[in-house]
Each structure stands twice: as C-alpha cells, then as structure tokens.
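Here is a short report on one protein structure. Keep the sequence and the 3D view at hand while reading.

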Amino acid sequence: MAEPEPPLRRDAERNRQLLLRTAYDLMASAGLDVPYEDIARAAGTGMGTVYRRFPQRQDLLDALFSEHIDTVISFAEQASRYDDAWAGLTWFLEQQLEVEAQSRGLGELLRSRNQATALVRRAHERMTPLVAGLIARAVRAGQLPAGATPADFAAVHVMVGGVMDASRSFAPDLWRRALTIALTGLRHAELSGDPPDENVIDHLYNDQKR
C-alpha cells in the first residue's frame, strides 16, 4: 500500500491556502478559464508555486469546489425527503442556482460537463436519480405533465443559468424571475412528442461551451 503523503510545511500550506482563496475569488467573478498566470500574480507567488501545488487544473478545481458540490448534493438529498415533490424540486433548483449565483466558476462547472472533473461527474450521478424520483412523484400527483423528465429540468437549469451569467454584472437577481417563468411554463406545459433520451442531459451540458 502506498505511503500517505507527508503534511505540507507550515509555509507551504499557507501558500496553498492563499492560492485557493485567490483562485476562488477570481473564478467567482471571471469563471473557470482564469489563467494560472493571473492566479499567481494576484496571490503574489511565482508560477512554479502554482504548478507545484496544482499540476493539473482539475486538481485545482477539485480542491476549490469539492465542499460546494457536496452542499449541492445535500440539497438534492433534502429535496428528496419533501412530502410534496413539486415543492422539493423547486426548492432544490432555487438552492442550487443560489450557490451558482455566488460563484460563476461553480456555475460553469455544474452546467458544463465537458469541463467537469470526476468529482462533478460523481455528483451528477448521485443527484440525477434523486431528481428523477421527485419528478416521477410530481407526475403521479398531477403536479407535472405526463412525460416530464430529468432532461426537462436540466434544460431549465441551463436556460436559467444562461440568464444568470448574461445578467450577472447588471441585474444579478434576474435569474430568480427567469426561474419562476421557466418552472411555471414547465408545470403547465402541454408536452408533445416522445420524451428525450437519457443522453440528452449529457448533450445539454456538454454542448453549451462548444
């Protein structure tokens, strides 16, 4: 069995925490594509320090967002315990978008699987069956039209997230209005055609950055 890595020296750990705080703040406002050069400059460290601590960008993203993604998973788990499925669904989406509103980088990570790390993929794998169960319950209760699927809620997530990103600098709360419009429309929609395939969710997230 491999030996555990030795703990970082105190000064090295300080540098690591400084880099994480700096990277999180930059990505919260500018998104995931912030260059390592900008992170090093803002933190007052050299590029070698950044690459030593986080040799791959995925290492940095996992370190930055693992706690936040755990929080989103907990929202899905709490929503699944709601007696009223529709109330649970709407609460979950609102809570998830709330944390995305606080960090553009987190929103991009959760809404763009082509950039997602293994951590995010596992999160989606855990959340999807919970949301699917809520949708099935809401359909049985007459709270959603027959044929509503997780892909429909993924579309709502992507659409409202797009409004959030587009209006972040001049109308940061506009996404709330967009969410109300989208959910009301879905709840009272007359869905036509066959339900989308399961892989539509992957395409919705993967294709939006191309």
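The report covers helices, aromatic rings, salt bridges and two single residues.

## Basis

The model is predicted. Every value below is computed from it.

## Helix α4

Helix α4 covers residues 57-79. At 1.5 Å a residue, its 23 residues should span 33 Å, and its end C-alpha atoms lie 32 Å apart, which agrees. Yet α4 has a kink of about 55°, centred on F65.

Which residues of α4 are buried? They are L60, L61, L64, F65, I69, V72, I73, F75, A76 and A79. F65, the centre of the kink, is therefore a buried residue, since its relative accessible area falls under 20%.

## Helix α5

Helix α5 takes in residues 85-102. Its 18 residues reach 26 Å from first C-alpha to last, close to the 26 Å expected at 1.5 Å a residue. D84 caps the N-terminal end of α5. A side-chain oxygen of D84 lies 3.1 Å from the backbone nitrogen of W86.

The buried residues of α5 are A85, W86, G88, L89, W91, F92, L93, Q96, L97, V99 and E100. W86, whose backbone nitrogen faces the cap contact, is one of them. What covers these buried residues? The cover includes α4, α6 (104-110), α7 (118-140), α8 (150-167) and α9 (174-187).

## Aromatic pairs

The structure holds 5 aromatic pairs. In one of them, the ring centres of Y36 and Y51 are 4.8 Å apart. Their planes meet at 55°, so the pair is tilted. An angle over 60 degrees would have made it edge-to-face. Y36 lies in helix α2 (residues 36-43) and Y51 in helix α3 (residues 47-53). The pair therefore ties together parts that are 15 residues apart in sequence.

Are the two tyrosines, Y36 and Y51, buried or exposed? Y36 is buried, at 5% relative accessibility. Y51 is partly exposed, at 42%.

Ring pairs also link F75, Y82 and W91 into a cluster. F75 is among the buried residues of α4. W91 is among those of α5.

## Salt bridges between helices

A search of the whole structure finds 9 salt bridges. One joins the side chains of E77 and R126, at 3.2 Å from N to O. E77 lies in α4 and R126 in α7, so the pair ties together parts 49 residues apart in sequence. Both ends are partly exposed: E77 has a relative accessible area of 30%, and R126 one of 45%.

E94 forms a salt bridge with R176, with the closest N and O atoms 3.8 Å apart. This pair links distant parts of the chain, with E94 in α5 and R176 in α9, 82 residues apart. E94 is partly exposed at 35% relative accessibility. R176 is partly exposed at 29%. The pair belongs to a wider set: E94, E98, D173 and R176 are linked in a network of salt bridges.

## A salt bridge within α6

E108 and R104 also form a salt bridge, with the closest N and O atoms 3.3 Å apart. Why are the two about one helical turn apart? They are 4 residues apart in helix α6, which means a separation of about one turn. An α-helix has 3.6 residues a turn, so residues three or four places apart point the same way.

The two ends fall in separate exposure classes. E108 is buried, with a relative accessible area of 7%. R104 is partly exposed at 26%.

## Two buried residues

S167 sits in helix α8. S167 is buried, with a relative accessible area of 3%. Which residues does S167 touch, leaving out those up to four places away in sequence? They are P172 and L174.

T149 is found in the loop between α7 and α8. At 12% relative accessibility, T149 counts as buried. The cut-off is 20%, so T149 falls under it. Not counting residues up to four places away in sequence, T149 touches I135, P195 and P196.

Conventions: Residues are numbered from 1 along each chain as its sequence is written. This is a predicted model: local features need pLDDT of at least 70, side-chain atom pairs count only at pLDDT 80 or more; totals for chains, interfaces and linings use all residues. Side-chain values use heavy atoms; hydrogens and water are left out. Rings of Phe, Tyr and Trp (its six-membered ring) pair if their centres lie within 6.5 Å; planes under 30 degrees apart count as stacked, over 60 as edge-to-face and the rest as tilted. Buried means under 20% relative accessible area, exposed over 50%, partly exposed in between (1.4 Å probe, protein chains only). The expected span of a helix is 1.5 Å times one less than its number of residues. The bend at a residue is the angle between axes fitted to the seven residues ending there and the seven starting there. Contact means heavy atoms within 4.5 Å. A polar contact is a pair of N or O atoms within 3.5 Å; within protein, one must be able to donate a hydrogen and the other to accept it, and residues adjacent in sequence count only if both atoms are side-chain atoms. A salt bridge is a side-chain nitrogen of Lys or Arg within 4 Å of a carboxyl oxygen of Asp or Glu.
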